[in-house]
Amino acid sequence: MRYGIGVDGGGTKTDFGLMDETGAVLALHKEEGSNHEVLPDSYDGAAALVMKGITAVCEKAGVALDAVAKSVLCLAGIDYPIQAEEMTQRLRALGLRDFLLLNDGFAGAMTGFRGNPTVLCNNGTGICFAGIHPNGAMLQIGGSDRLTGDVGGGPQLALRCFQKVYAQFFLRGQPTAMTEPVMTLLECARPEDLMNCSAKIAARFAELVPQMIGILLICASSGDAVANGILSDMQDGLVAAVGGMIDRLPIPETRIDIILAGSIHTKAVLPDYVAEVARRLDAAYDKQFDLRMIDRDPVNGAMAWAVRPEN
């Protein structure tokens, strides 16, 4: 019997699963976040946490780690080859063998993979586009925030809201319905107070992000042009990244599966958002797109990839 381990690691939690070759899930396990970029002990702490979770899921399944044919580790913070090398060295030093280490976006792409070229568009705390071709080729686009021009992560959208309100007052920007609720949220009585609340924003940023996104979506749904412009930029960024996948993965085939994942897509977008993305994709490229929301936890894709005979 062939066994595989899948790991989907983010900044706040890490999911582990062990599956056999029939597709039966034998055990699941959860640990804290494993992104080395936010852990105080960086790569060492991330590797130790991953090994702890792998050991635990093997014990739950009653399968020895030596009996596992492959582990597919999809971890946030693995965006560059040098990061993968650092993590690989530490995992091997801890005794892990026969594993594939990728960015966490690939777990979602694997979950949505049905045999066609697949692009995962992950808009959550950050942005990442992960492409998988049936021939085994993989490509990541984005994931480095401002360095790669990412558009559409939660913190970025919140900052855009603030910037548009600031622009209305001080840069002759277009008036927006977001102004009043943002000023109320930040407890700013006058426009001049906006810059005085920078320390407050930094201290409460994690708390403010979902509230700012709520303001953005409410105003966009009521027809506010500035709010809808922010969402339109996010849609354009997605369409451009799909074009990058077509060019650089590359994808000569006509049919492409597009999977939307991340909290911005799964919890926050407006009802017509997906239809508008589909319209823009159809207008931009001579392809047939199957656009859908992710429908399973990404760890399922990592597990399934680990037990594939091709691997």
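This passage describes the fold, surface, charge pairs and local backbone features of a predicted protein model. Because the model is predicted, local features were considered only at pLDDT of at least 70 and side-chain atom pairs only at pLDDT 80 or more, whereas totals for chains, interfaces and linings use all residues. Residues are numbered from 1 along each chain as its sequence is written, and side-chain values use heavy atoms, with hydrogens and water left out.

The protein contains 12 helices and 10 strands; these are DSSP runs numbered from the N terminus, with helices being H or I runs of at least four residues and strands E runs of at least two. The radius of gyration is 21 Å, close to the 19 Å given by the globule rule for 311 residues, so the protein is as compact as a globular protein of that length. The radius is taken over C-alpha atoms, and the globule rule is 2.2 Å times the number of residues to the power 0.38. Along the principal axes, the C-alpha atoms fill a box of roughly 65 × 45 × 30 Å. Of the contacts with a separation of 6 or more, 67% are accounted for by residues 24 or more positions apart, a contact being heavy atoms within 4.5 Å.

Buried residues make up 53% of the 311 residues. Residues are classed by relative accessible area as buried (under 20%), exposed (over 50%) or partly exposed (in between), using a 1.4 Å probe and protein chains only. The protein exposes about 14300 Å², of which carbon and sulfur atoms supply 52%. Accessible areas come from the Shrake-Rupley method with a 1.4 Å probe, and for residues only the protein chains shown count as cover. Helix α3 (residues 105-112) is largely enclosed by the rest of the structure, because 8 of its 8 residues are buried. Among them are Phe-106, Met-110 and Thr-111, together with the glycines Gly-105, Gly-108 and Gly-112.

The protein carries 26 positive and 37 negative charges, whose mean positions are 1 Å apart. Lys and Arg count as positive and Asp and Glu as negative, while His and the chain ends are not counted; each charge is placed at NZ of Lys, CZ of Arg, CG of Asp or CD of Glu. The count of salt bridges comes to 15, each being a side-chain nitrogen of Lys or Arg within 4 Å of a carboxyl oxygen of Asp or Glu.

One of these pairs joins the side chains of Asp-15 and Lys-13, at 2.9 Å from N to O. Asp-15 is buried at 9% relative accessibility, whereas Lys-13 is partly exposed at 39%. A further salt bridge is formed by Arg-160 and Asp-233, at 3.0 Å from N to O. Arg-160 lies in helix α4 (residues 154-170) and Asp-233 in helix α9 (residues 225-248), so the pair ties together parts that are 73 residues apart in sequence. Asp-233 is partly exposed, at 31% relative accessibility. Leaving aside neighbours within four places in sequence, Asp-233 is in contact with Val-151 and Arg-160. The C-alpha atoms of Asp-233 and Arg-172, which are 61 residues apart along the chain, are separated by 20 Å.

Glu-192 and Arg-190 also form a salt bridge, with their closest N and O atoms 4.0 Å apart. Glu-192 is partly exposed, with a relative accessible area of 42%, and Arg-190 is partly exposed at 44%. In addition, a network of salt bridges links Asp-236, Glu-276, Arg-279 and Arg-280.

Several backbone and loop positions were also examined. The peptide bond from Leu-249 to Pro-250 is cis, with omega near -15 degrees, and Pro-250 is placed in the loop between α9 and β9 (255-261). Pro-271 is found in the loop between α10 (263-268) and α11 (273-284) and is exposed, at 83% relative accessibility. The C-alpha atoms of Pro-271 and Ser-221 are 9.3 Å apart in space, with these positions 50 residues apart in sequence numbering.

Positive phi values occur at Ser-42, near 50 degrees, and at Glu-187, about 60 degrees; neither Ser-42 nor Glu-187 is a glycine. Ser-42 is in helix α1 (residues 42-61) and is partly exposed, with a relative accessible area of 27%. Glu-187 is in the loop between α5 (179-185) and α6 (193-196) and is exposed, with a relative accessible area of 61%.
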